[in-house]
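Ready to work through a few exercises with the model open beside you? Try each task on your own before you read its solution.

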Amino acid sequence: MILDTDFKWFMFINERVSTYPLIDNLMIFFAEYVQYAFVLLLIMLWWRNKKNDRVIVFQALFAFSLSYSVNRLFELFLYRERPFITHAIVQLVEHAANSSFPSDHASSAISIAVTLMLVTLRYRYFWCLSAVLITFSRVWVGVHYPFDVMAGALNGVLIALVTHFLLIKMKLIAQFLRRPVFNPY
């Protein structure tokens, strides 16, 4: 039932691919390249080194790493073929024929964007919108089903929240974040 609905949603989206070349190019851009903007942002924040910038970077990388690790655990127990393997679809980008569930791009982008939202970084809505577009674009370009990206996004949100409200406040990590490398003052 759930997988049938997931496939119907995927096909509803995929039937529109190649109808709007401008949207196709935009979705390719988000699916393949916008993720690097997050990397550049984190590098810039680390290099800028203003108050809490390095703590923000640490927290975002911690959340990203944890969400990616959780994805690897899911893949040990759940394997789902990608849409282009099992169906005749329009695929806009090349991708390895590995497990589709859950989406690493969705987990990564959402975990970083939610972390940025939680620490009230300037332009946080821009980063959240970018993460949502990365997530949706993975379905548009034909490499994930909607359920894959929703599960990845949920993983990213939950891990970012756990990291922000629990893990970063743990005594050992809090002491680590008081080191001079994290505080320029």
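The exercises below concern a predicted model, and they go from the whole chain to single side chains.

**Exercise 1. Work out which secondary structure elements the chain has, and how its radius of gyration fits a compact globule.**

Step 1. Start with the elements: the chain holds 9 helices and 0 strands. Read along the sequence, the pattern is α-α-α-α-α-α-α-α-α.

Step 2. Next, take the expected value: for 185 residues, a compact globule would have a radius of gyration near 16 Å.

Step 3. Compare it with the chain, which has 18 Å, so the two agree. The C-alpha trace spans about 55 × 35 × 25 Å along its principal axes.

Step 4. Look at the contacts between residues at least 6 apart in sequence: 78% of them join residues at least 24 apart.

**Exercise 2. Decide whether Asn14 is buried or exposed, and list what it touches.**

Step 1. Locate the residue: Asn14 sits in helix α1, which covers residues 2-14.

Step 2. Check its relative accessible area, which is 4%. Buried means under 20%, so Asn14 is buried. Across the chain, 45% of the 185 residues count as buried.

Step 3. Leave out residues up to four places away in sequence, and Asn14 touches Ile89, Val90, Trp140 and Gly142.

**Exercise 3. Find which parts of the chain the salt bridge between Glu32 and Arg138 ties together.**

Step 1. Confirm the pair: the side chains of Glu32 and Arg138 meet at 3.6 Å, N to O. A salt bridge needs the two atoms within 4 Å, and the whole structure has 7 such bridges.

Step 2. Place the partners: Glu32 is in helix α2 (residues 21-32) and Arg138 in helix α7 (residues 124-140), so the bridge ties together parts 106 residues apart in sequence.

Step 3. Add the surroundings: Glu32 is partly exposed at 25% relative accessible area, whereas Arg138 is buried at 0%.

**Exercise 4. Trace the salt bridges of Arg72 to Glu75 and Asp104.**

Step 1. Take Glu75: its side chain meets that of Arg72 at 2.7 Å, N to O. Both residues lie in helix α4 (residues 53-77), 3 residues apart, about one turn of the helix.

Step 2. Turn to Asp104: its closest N and O atoms with Arg72 are 3.1 Å apart. This pair links distant parts of the chain, with Arg72 in helix α4 and Asp104 in helix α6 (residues 104-118), 32 residues apart.

Step 3. Compare exposure: Arg72 is partly exposed at 25%, Glu75 is partly exposed at 26%, and Asp104 counts as partly exposed at 21%.

Note on methods:
Residues are numbered from 1 along each chain as its sequence is written. This is a predicted model: local features need pLDDT of at least 70, side-chain atom pairs count only at pLDDT 80 or more; totals for chains, interfaces and linings use all residues. Side-chain values use heavy atoms; hydrogens and water are left out. Helices (H or I, at least four residues) and strands (E, at least two) are DSSP runs, numbered from the N terminus. The radius of gyration is taken over C-alpha atoms; the globule rule is 2.2 Å times the number of residues to the power 0.38. Buried means under 20% relative accessible area, exposed over 50%, partly exposed in between (1.4 Å probe, protein chains only). Contact means heavy atoms within 4.5 Å.
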